Amino acid sequence: MKTIIKLTLGLFLAVFVMSCTKNFDKIDENPNQPAEVGTPTLLTGAMKGLCDDIYDEWWGGRQSMLWAQYWCQRNYPSEDRFAIRQNINNQYWRLIYHDVKNLVEIIDLNTNPETKAKAGAYGDNQNQIAVATILKVWAMQIMADTWGDIPYQEAFQGDAEAPIYTPKYDKLQAIYANFLTELKTAVDRINLDAPGFLSGDNIYGGDMGLWKKFGNSLRLRVAMRMSATDNYAAAKAIFEEVGEDGLILSNMENAKFPYIGQAPNNSPLYDAYWTNARNDFTTCKTLVNLLKGVDDTLNAKPNPFHGMVDPRLQIYSRIRNASMGYIGMPYGMTEGQTQQYWAKKWCPSFYGAAAYNVNTAIVILNAKYAPVFMEAAEVEFMLSELNSFSQEHYEHGVRASMEHWRDICVELEGRDASWVADYNASVEEFLSALPAATKETVLTQKYLAFYNQGYQAWAEYRRTGQPSYMLKPGEHTSVATDGSLIDFIPLVTLNDIPRRLTYPQQEFTVNGANATAAAAAVGGDLMSTKLWWEPTK
C-alpha cells in the first residue's frame, strides 16, 4: 500500500501510556512500511476494525451507550456523569482514522492507473470504490458528529513522499456537503451488471444492489441529521430521487457485520465480558422504564407508551428481580450511591464468570452478534418524520425493529417455536395499542430501535431533543434509603447531555495550531458547544 493517512505527527509514532489499552497491533504498525495486501483483506480489516472500535466496551460502552442512557456503570460511574478518560479520547481518534485508512487505500488502488488492473481482479474497480466510499462516509459521520470540525480533506491527502503531518480542520458544514457529494457519486458509479467484491465483503457478500440501497439510506441519514439547517430540503430531494425502492426497507437488507464467534473474531462486547472479564455495566433505568411503560414519577415525566410493555424488554435486559420485575440502574449516581444500589442485588452485571449464558446475558453480548451499520427500522422512522410523521411508516418501523431483534434471538440464542409464538403475539398486541404517530412517539421508538447503536441515538437526541424522557442534569435519579432524593449532578458544567466530545489532548500537542483554531471556530472546545446541525433553540 502506498497511500497513507497522515493525521498528526504523533498519530502512529508516539507511545502513549494508558491505564486501559487495546488494539496495540494497530497503534504500533509502522505506516512507512506497509504490507502489500489485496483489497478484500483491506475491506474486511476496515469493517472489523470499525465494529471492534465503535461497538466495544471503551469508546462505545463508556461513552455512547452511557450518554444514550442504554447502560449505566456499576463501577466507575464518573463516566455516566460525563467525566471522560482522555487516554480513550486520544486513542479512538487515532483508531477510527486508522480503520478508514484501509478504505482510502482501496479507493486509491482502484483509481491509480498503475494498480487498478491488479485491484480489478478482486471485483469491478468502480464497485470497489463505491463500497469503500460508503463505509468511509459512514465512519467519518460518527467522527464528525462526535467532535464537530475535524480534519477531513487533508487527512486523506498526501503520501509517503509528501505527507501531511498537521492537517487542517474542515468546517462541519463543509464536511456534510462532502458526505452528500461522495455518497451520490458512489451510488451513481455502482454497476449492477459488474461484480462487487469477489471476497472480503462480510456485510453483503458482493451484492451491489444492496450496497446501493445502503448508500442511498446513508444519504438520507446524513440529510436528516442536518434537517434543522435546511428544513428537510436535502432529505426530500434524496427521497424524490431514489424512492422507497432505493432504500433499505427489509430486515433482509440490513447492513451488519457478523462475527465468527471464535477468537480473535468474537464480537467486541463478548470479549469485554468473557475474554477481559469486565462486569462494569448494567441496564439503565431510563431504558428499562420506557420499555416497561411506566412514567418517571420522580420528575413528573409521562411515558409516551404508558401502560404498554414492550416485547423487546426481555431482549434488551436480563436484569429481573423476583418482586420488582425488570429493573434498571438509576443514571448518574455517585460511586458510593451506585455501589449501595447494586449491593442490594437489584442490578447485577450481565457477566457470569463461567461462560456466556442466554438466561443472564443479553444477545448483544453473544460472541457472534453482528453490529448494525444501517437497518430498515431507522429508514422507516426517517420516512415517517419526512412525511409529517406518517403513521404507516411509524408502524412499519416499530414492527421492523421488533422482528429484527426476534430474529437475532432465534439465530444466536436458539429460541424455539413456542418463544417465537409468544413474542409474535406480544408484538401484535403492542402494535394494536400503538399511540398515534407524533414527533415524540416516532422518535422515541427510533431511540428504542437504536439499542447498541449508541452514537446514532446520542446524535438524534441532540438533533431532536427526543426522547424527552431522558434524564437531564439536575433531575432526580433515585431515592436514598432515608427517603431523600438523589439528583443527577454531572462532574462537568452541563445542563443537558453533552453536545460534543472535546478534542483529544494529543491534538493540542502534535497539531496544536490547527486544533486551537478549530476549538475557537466551533465556539469553544467544550462539551456544551452545539454542532452546526443542531437546532439553535
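The following exchange explains how several descriptions of this predicted model are reached.

Me: What makes one stretch of the chain stand apart in confidence, and what is the mean pLDDT of the chain?
Reply: The mean pLDDT of the chain is 91, and 91% of the residues reach 70 or more. Over residues 1–21, however, the pLDDT is below 50. That stretch still has 69 contacts in the model beyond near neighbours in sequence.

Me: Why is Lys439 called partly exposed?
Reply: Buried means under 20% relative accessible area and exposed means over 50%, with partly exposed in between. Lys439 has a relative accessibility of 41%, so it counts as partly exposed. Lys439 belongs to helix α18, which covers residues 439–449.

Me: Which residues does Lys439 touch, apart from those up to four places away in sequence?
Reply: Lys439 touches Phe389, Thr464 and Gln466. Lys439 and Gln466 are 27 residues apart in sequence, while their C-alpha atoms are 8.3 Å apart in space.

Me: What is notable about the backbone at Phe389, and where is that residue placed?
Reply: Phe389 has a positive phi of about 60 degrees, although it is not a glycine. Phe389 sits in the loop between α15 (376–386) and α16 (391–413).

Me: How do you know that the bond between Gln466 and Pro467 is described correctly, and what is its omega?
Reply: The peptide bond joining Gln466 and Pro467 is cis, with omega about 0 degrees. Pro467 is in the loop between α19 and β9 (476–479).

Me: Which peptide bond has an omega of about 5 degrees?
Reply: The bond between Ala263 and Pro264 has that omega, and it is a cis peptide bond. Pro264 is found in the loop between β4 (255–256) and α11 (268–275).

Me: Is Gln445 buried or exposed, and how do you know?
Reply: The cut-off for buried is under 20% relative accessible area. Gln445 is at 0% relative accessibility, and therefore counts as buried. Gln445 is another residue of helix α18. Leaving aside neighbours within four places in sequence, Gln445 is in contact with Phe305, Asp310, Arg312, Phe381, Tyr394, Val398 and Phe430.

Me: Why is Thr133 given the class it has, buried or exposed?
Reply: With the limit for buried set at under 20%, Thr133 at 10% relative accessibility counts as buried. Thr133 lies in helix α6. Its contacts, apart from neighbours within four places in sequence, are Ile107, Glu182 and Ala186.

Me: What makes α3 a mostly covered helix?
Reply: Eight of the eight residues of α3 are buried. They are Gly60, Gly61, Arg62, Gln63, Ser64, Met65, Leu66 and Trp67. The elements covering these buried residues include α2 (39–54), β1 (71–73), α6 (125–147), β5 (281–283) and α19 (454–464). After α3 comes Gln69, whose phi is positive, near 60 degrees.

Me: Why is Tyr76 called partly exposed?
Reply: The partly exposed class lies between the cut-offs of 20% and 50%. Tyr76 is at 41% relative accessibility, so it counts as partly exposed. Tyr76 is in the loop between β1 and α4. Its phi is near 60 degrees, a positive value in a residue other than glycine.

Me: How do you know that the span of α4 agrees with what is expected of its 26 residues?
Reply: The expected span is 1.5 Å times one less than the number of residues. For the 26 residues of α4 this should give 38 Å, and its end C-alpha atoms are 38 Å apart, so the two agree. As for its surroundings, α4 is mostly covered, with 24 of its 26 residues buried.

Me: How many cavities of 30 Å³ or more are counted, and what lines the largest cavity?
Reply: The count comes to seven cavities of 30 Å³ or more. The largest cavity holds about 90 Å³ of space. Its lining consists of Trp58, Trp59, Arg62, Gln63, Glu79, Ile84, Arg85, Ile88, Asn89 and Leu501. Two or more lining residues come from each of α3 (60–67) and α4 (86–111). By class, the lining has five nonpolar, two polar and three charged residues.

Definitions and conventions. Residues are numbered from 1 along each chain as its sequence is written. This is a predicted model: local features need pLDDT of at least 70, side-chain atom pairs count only at pLDDT 80 or more; totals for chains, interfaces and linings use all residues. Side-chain values use heavy atoms; hydrogens and water are left out. pLDDT is the predictor's confidence in each residue, from 0 to 100. Contact means heavy atoms within 4.5 Å. On a 1 Å grid over the protein atoms alone, a cavity is a set of points where a 1.4 Å probe fits but cannot get out, and a pocket is an open set with protein on both sides within 12 Å along at least five of seven lines; lining residues have an atom within 4 Å of a point. Grid points are joined across faces, edges and corners, and a volume is the space filled by probe spheres set on the points. Helices (H or I, at least four residues) and strands (E, at least two) are DSSP runs, numbered from the N terminus. Ala, Val, Leu, Ile, Met, Phe, Trp, Tyr, Cys and Pro count as nonpolar, Asp, Glu, Lys and Arg as charged, and the others, Gly among them, as polar. Buried means under 20% relative accessible area, exposed over 50%, partly exposed in between (1.4 Å probe, protein chains only).
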